[in-house]
Amino acid sequence: MKHHNIYKLPSHVAIIMDGNGRWAKKRGLPRVFGHKEGAKAAEKAITFASELGIKYLTLFAFSTENWARPQEEVNFILKLLVDYIDNKLDSLVEKNINLRFLGRKEQLPQSIVMTIQKAEKETSNCTGMNLIIALNYSGRAEIIDAVNKIISKGISSVTEESFRDYLYFPDVPDPDLLIRTSGEVRISNFLLWQLAYSELYFTEVLWPDFDEEEFLKALYDYQNRERRFGRIEI
Ligand code: IPE
Ligand code: IPE
Ligand code: MG
């Protein structure tokens with residue numbers, strides 16, 4: 001697995017991990033079983049991306065809109081995340097993976113904030129893949145937070161470049177490739193600013209079934225894209 005030599009590897013891959021609920025429903029199981037399997041698929045994707053040499057992997061784990069789900073389901077998803085960190089933090093450090101969380105942290109329960117901070121701190125010296133987990137994330141909220149930071153500094157005018165400095169992670173390059181599973185063809189308030197010129201890849205595969213082979217399919221598809229950025233073919 002360690003020696004895939006993929007040409008034109010995207011530097012930043014972002015994934016909307018969707019379809020956990022439907023995966024469970026198809027099997028006559030409660031939705032939370034889908035989330036449990038989804039966490040395993042996320043672990044697989046993280047390990048694979050890191051082995052391939054992808055520099056940035058951003059995973060959409062929980063949106064600000066997801067609070068509207070039944071309390072039980074919300075609690076389960078957040079608990080899965082805390083368990084994931086508790087169980088995998090050492091292995092992340094071993095794989096030299098730097099972990100950060102993207103989103104409004106102040107609205108998260110205190111216990112989760114502490115877990116997140118611990119994980120960020122313990123992986124802060126890791127120089128391998130940058131793993132970014134979007135948690136309580138909204139693309140519109142990120143833009144609004146940036147605008148409010150700018151206003152509070154008394155800045156009266158910005159450029160596209162200077163605006164970027166007020167986003168949550170100014171150092172992270174825009175995604176080259178966005179993957180969304182489960183057949184939904186929408187952005188659902190993910191990385192609105194950053195996805196302006198990303199290549200989009202949609203697959204019918206439900207997130208718990210997304211494995212290394214499916215990941216490779218997305219990467220091969222990306223290799224055949226021609227990124228023009230408004231220019232003409234050369
Ligand atoms: C994605 O799967 C996980 C989260 C949004 C947290 P869903 O839970 O949205 O699964 P579906 O879309 O209902 O199948
Ligand atoms: C997007 O999935 C959010 C995450 C994957 C965390 P949703 O399932 O919440 O999106 P919609 O509601 O189908 O747009
Ligand atoms: Mg969904």
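In these legends, a helix is a DSSP run of H or I at least four residues long and a strand is a DSSP run of E at least two residues long, both numbered from the N terminus. The model shown is predicted.

**View 1. The surroundings of ligand 1.** Welcome to the largest pocket, the space that ligand 1 takes up. Around the ligand you will find M17, D18, G19, N20, G21, R22, R31, H35, A61, N66, R69 and I77. Sorted by class, this shell has five polar, four charged and three nonpolar residues. Helices α1 (20-26) and α2 (31-52) each contribute at least two residues to the shell, and the top contributor is α1, with three.

**View 2. Polar contacts of ligand 1.** Here the focus is on oxygen atoms of the ligand. A polar side-chain atom of R69 is 2.7 Å from an oxygen atom of ligand 1. The side chain of R31 places an N or O atom 2.9 Å from an oxygen atom of this ligand. With N20, the partner is in the backbone: a polar backbone atom lies 3.1 Å from an oxygen atom of ligand 1. On its own, ligand 1 has 380 Å² of accessible area, and the protein covers 86% of it.

**View 3. The surroundings of ligand 2.** Ligand 2 sits in the largest pocket. Its neighbours are I16, M17, D18, F60, A61, F62, N66, R69, R180, R186 and S188. As you move between views, look for M17, D18, A61, N66 and R69, which are among the residues around ligand 1 and also among those around ligand 2. Strand β2 (residues 56-63) provides the largest share of the ligand 2 shell, with three residues. By class, the shell holds five nonpolar, four charged and two polar residues.

**View 4. Polar contacts of ligand 2.** Three side chains are worth picking out here, those of N66, D18 and R180. N66 has a polar side-chain atom 2.9 Å from an oxygen atom of ligand 2. For D18, the distance from a polar side-chain atom to an oxygen atom of the ligand is 3.2 Å. For R180, a polar side-chain atom is found 3.3 Å from an oxygen atom of ligand 2. Ligand 2 taken alone exposes 390 Å², of which the protein buries 78%.

**View 5. Backbone angles at K8 and F229.** Most residues other than glycine have a negative phi. K8 is not a glycine, yet its phi is positive, at about 55 degrees. K8 belongs to the segment before β1 (12-16). F229, another residue that is not glycine, has a positive phi near 50 degrees. You can find F229 in the segment after α7 (212-223). Are these residues buried, partly exposed or exposed? K8 has a relative accessibility of 40%, so it counts as partly exposed. F229 is also at 40% relative accessibility and therefore counts as partly exposed.

**View 6. P208 and G21.** Follow the loop between β6 (199-202) and α7 to reach P208. Is P208 buried or exposed? P208 is buried, because its relative accessible area is 9% and the cut-off for buried is under 20%. Along the chain, P208 and G21 are 187 residues apart, while 9.6 Å separates their C-alpha atoms. G21 is one of the residues surrounding ligand 1, so to speak a familiar face from View 1.

How values were computed. Residues numbered from 1 in each chain as written. Chains lettered and ligands numbered in written order. Predicted model: local features only at pLDDT ≥ 70, side-chain atom pairs only at ≥ 80, totals over all residues. Heavy atoms only, no water. Near = heavy atom within 4 Å. Polar contact = N/O pair within 3.5 Å; in protein donor to acceptor, adjacent residues only side chain to side chain. Areas by Shrake-Rupley, 256 points an atom, 1.4 Å probe, with all protein chains shown as cover. 1 Å grid on protein atoms, 1.4 Å probe; cavity = no way out; pocket = protein on both sides within 12 Å on 5 of 7 lines; lining within 4 Å. Sits in = over half its atoms within 2 Å of the grid points. Nonpolar A, V, L, I, M, F, W, Y, C, P; charged D, E, K, R; others polar. Buried < 20%, exposed > 50% of the residue type's maximum accessible area, 1.4 Å probe, protein only.
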